[in-house]
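Reader: Can you walk me through this one? I'd like to start with the turns.

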Amino acid sequence: MNEEIGGTAMMTFCEYCNKFVNTHIKKCEDSVDVKGVPIKITADGSFCDECDRRLFDRDTDNNALLMAYREYRQQKGLLQPEEIKRIREKYGLTQISFSRLLGFGDKTITRYERGALQDEAPDTLIASIDSPKAMLDILNKKRGRIPQAECEKAMAIAEDLIAKEHSGYEDTFYVETSWMTSGELCGFADQLWEAVSYGPLLPSAA
Ligand SMILES: [Zn+2]
């Protein structure tokens, strides 16, 4: 812990030394079990100054868990907290409205954005409404769940984004499209646009 409060370092109880001790922080390799998957991380741990054993510490242990969740999301292809926030803010929605729109508990999005680990199903739902068309669909169907003004603002934003995607493609490209879905086509158009803006696409470019 070692938090300085009024100039006095707080001491932590060491169960091995059986007394209050000062602690120090050091990096350590850790394996954290996340939903049955062992996740290896290197994180700060709190250690007893006298016996050098690792002690429970709320802050460092919490940070290690957040780090493990981040690694787990990366491995499983789940959205990171900042991506969830980006999608929500793109439509100008509050955390509570975004939660209600998706049928989650009121605090769910707040918890996800702070680092709580989301399940696969809510993750898929949130990722899907990165598409303004999907978002507009949900806003139309679930409009009664959130304040009217907020809903109308979000709809206007989604419609604007759809219009921009559409005109961007039509004005710029004429390609044979029968073998592509509209989603693939948008992705293809974006790639072409990047190629035009930033030079030739490398074969390895994602
Ligand atoms: Zn100790």
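Author: E6 and E7 form a hairpin, with five residues between the two strands. In that turn, Asp 52 has a positive phi of about 60°. Keep in mind that this is a predicted model.

Reader: How many bridges join E6 to E7?

Author: Two bridges join them, and the strands run antiparallel. In one pairing, Phe 47 has Arg 54 in E7 as its bridge partner.

Reader: What about the hairpin of E5 and E6, how many residues sit between them?

Author: Two residues lie between E5 and E6. Lys 35 is in that turn and has a positive phi of about 50°.

Reader: And over how many bridges do E5 and E6 pair?

Author: They pair over 12 bridges, in the antiparallel sense, with E6 covering residues 37-48. Among the partners, Asp 33 is bridged to Pro 38 in E6, and Lys 26 to Gly 45 in E6.

Reader: Put it together for me. What's the strand order in the open sheet?

Author: The order is E5-E6-E7, an open sheet of three strands with antiparallel pairing.

Reader: Which are the edge strands?

Author: Strand E5, residues 23-34, and strand E7, residues 54-55. Each of these pairs on one side only.

Reader: Switching to helices. Where does H1 lie?

Author: Helix H1, residues 58-76, lies across E5 and E6.

Reader: At what angle does H1 run to E6?

Author: The angle between H1 and E6 is about 160°.

Terms used. Residues are numbered from 1 along each chain as its sequence is written. This is a predicted model: local features need pLDDT of at least 70, side-chain atom pairs count only at pLDDT 80 or more; totals for chains, interfaces and linings use all residues. Two strands pair if DSSP finds at least two bridges between them. Helices (H or I, at least four residues) and strands (E, at least two) are DSSP runs, numbered from the N terminus. Two residues are in contact if their C-beta atoms, placed from the backbone, lie within 7 Å. Axes are lines fitted to C-alpha atoms, for helices over the stretch in contact, and angles run from 0 to 180 degrees between N-to-C directions.
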